[in-house]
Amino acid sequence: MSAETFDYVIIGAGSAGCVLANRLSADPAIKVCLIEAGKKDTSLMVRMPAGVGNLIKDANDYNWGFWTEPQAHMDNRKLYWPRGKGWGGSSSINGMVYIRGHAGDYDQWAQMGLKGWSYADVLPYFKRAETYEGGANDFHGGDGPLNVSRSPLTSPIFNAFIEAGREAGYPVTDDFNGAQQEGFGPYQRTIHKGERWSASFAYLRPIAGQRDNLKIISTGLVTKVLIEGGRAVGAELVEGKGREATSVRASREVIVCAGAVQSPQLLQLSGIGDPAALKALGIDVKAASPNVGQNLQDHLDVTVINRMTQPISAYSMQKGIKKLFVGLRYLANQTGAGADNFLQSGAFLKSRPGLEMPDIQLHAVNAIMMEHANHQPTEDGFTIHACQLRPESKGTVKLKSADPFDHPAIDPNYLATEEDRRAMRESVKMVRDVIRQASMATYAAGEIMPGAGVASDADIDAFIRTKGETIYHPVGTVAMGTQASSPVDGELKVRGVEGLRVVDASVMPTLIGGNTNAPTIMIAEKAADLILKKPLLEPQIPKAMASA
């Protein structure tokens, strides 16, 4: 039986894949097939913002649950890497923080020769995607699929954190995605009417089953892109190990949207990568592209955790029988603690003088959060996450075998440079200084982690090596660039293979200064216009920035 043919085959229903499925299938004359290895996002834990802790703590139907290779500069630890599986991808299991990064991040891309990727170029695509709770303005959209709300700052700890930042001498900003990123302020969140507003809720669910020209295949793992005569012509997929492979064909393009881990994995399985490495695994080389799987960048994170003087954290809100009532209230009207991600304020700071952009990001959490939710708190407390925004260290994603069901070898190479170690060390000192300020000291009842015994630089460095974790922002493994050695070009086309693009966080040439979900959605919005050969949106420079 011949394979069914579509105009476009999209691999992966994550943040980028959901956007493209929506935008490409908007024309009823265009046939689109979207293939996802996971299932539909029907779980209450996905829909309920407070369910995030259950989704990220171990591998499950919505989480691949990867592990890194032993990290040479972190006591040879293997680090746990949750990544989204199923409709919405990582936007279905993330912390729901909406951050675009610094304007300078995108201007740097343009300075690297990537025409059309400056801040002025990408701002219209951020705005097209967004419906902002505060209304449309120079920086925000008012009628896009992605609902973005302002943090309500429901707990006094979040206001105290912002005020303590002011007391410590840092700026305060009302909008991290506006004219000024630097400083302390409230986070914006992809939460709408008490529900997680993932890329699936925004882009895919509204059209699933509504468009005859869109076919969605769930629980189908793509094992390779089919390449014939130097052109991508479809995808091979299986619905379980040992099951018979099937295929779909693409008359126009195959678009890989599998994320920073699995996009390079799939390209290598398909014969696109380092020829020597592919041949060693018995994979036929379709295109020599040694930088596929290189350039991996991620935000390493460390936490400072304190007990609380008052019973106002997530622990007291949900302990004992209260947990049942939290769930019942949420089911009844999507309100209460179940509708909260407990992460409502944060900061973007500079770890040393002379920096043009903040290099440290803080997330304030109204809960004790250890080891990515695997630790169940037994008391009230708060956690301040600190991550380095632009690490110098770069790593790789490589195949372990030619078996598509084997997880790849992920090596972020954290803390490989002295600057990275300095920035992380300084972030701990900065957080401690903020907590000592009067506004936060009111709520702080003693440091749990790192603990009073961790005082010297050597102690702090050792703490980071033993307790540092990812904060879920891997990018760069199929980086776009102008050089012939870059895996994809500025239009996200894979070099060496016709009819093949990659659209997801893996194409970012550098790690942006913030959470990566919003930028991934923006990239897909722009890619839709590139794919459909539509005129690109006109660049925009907000008045507040043009006059600065």
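**Group meeting: a patch, a sheet and a loop**

Okay, let's start with Phe-325: its relative accessibility is 53%, so this residue counts as exposed (the cut-off is over 50% relative accessible area, with under 20% called buried and partly exposed in between, using a 1.4 Å probe and protein chains only). Bear in mind this is a predicted model, where local features need pLDDT of at least 70, side-chain atom pairs need 80 or more, and totals for chains, interfaces and linings use all residues. Numbering runs from 1 along each chain as its sequence is written, and side-chain values use heavy atoms, without hydrogens or water.

Phe-325 sits in helix H11, residues 322–333 (helices are DSSP runs of H or I with at least four residues, strands are E runs of at least two, and both are numbered from the N terminus).

Now the sheet. We have an open sheet of 4 strands, ordered E5-E9-E7-E6, and the pairing is mixed (two strands pair if DSSP finds at least two bridges between them). At the edges are E5 (97–98) and E6 (130–132), each pairing on one side only. E6 runs parallel to E7 (residues 146–150), joined by 3 bridges. Across from Tyr-132 you'll find Val-148 in E7.

Last stop: Ser-313, in the loop between strand E18 (300–308) and helix H10 (314–318). Is Ser-313 buried or exposed? Buried, because its relative accessible area is 1%. Who touches Ser-313, leaving aside neighbours within four places in sequence? Met-308, Asn-366, Ala-367, Asp-380 and Gly-381 are in contact with Ser-313 (contact means heavy atoms within 4.5 Å).
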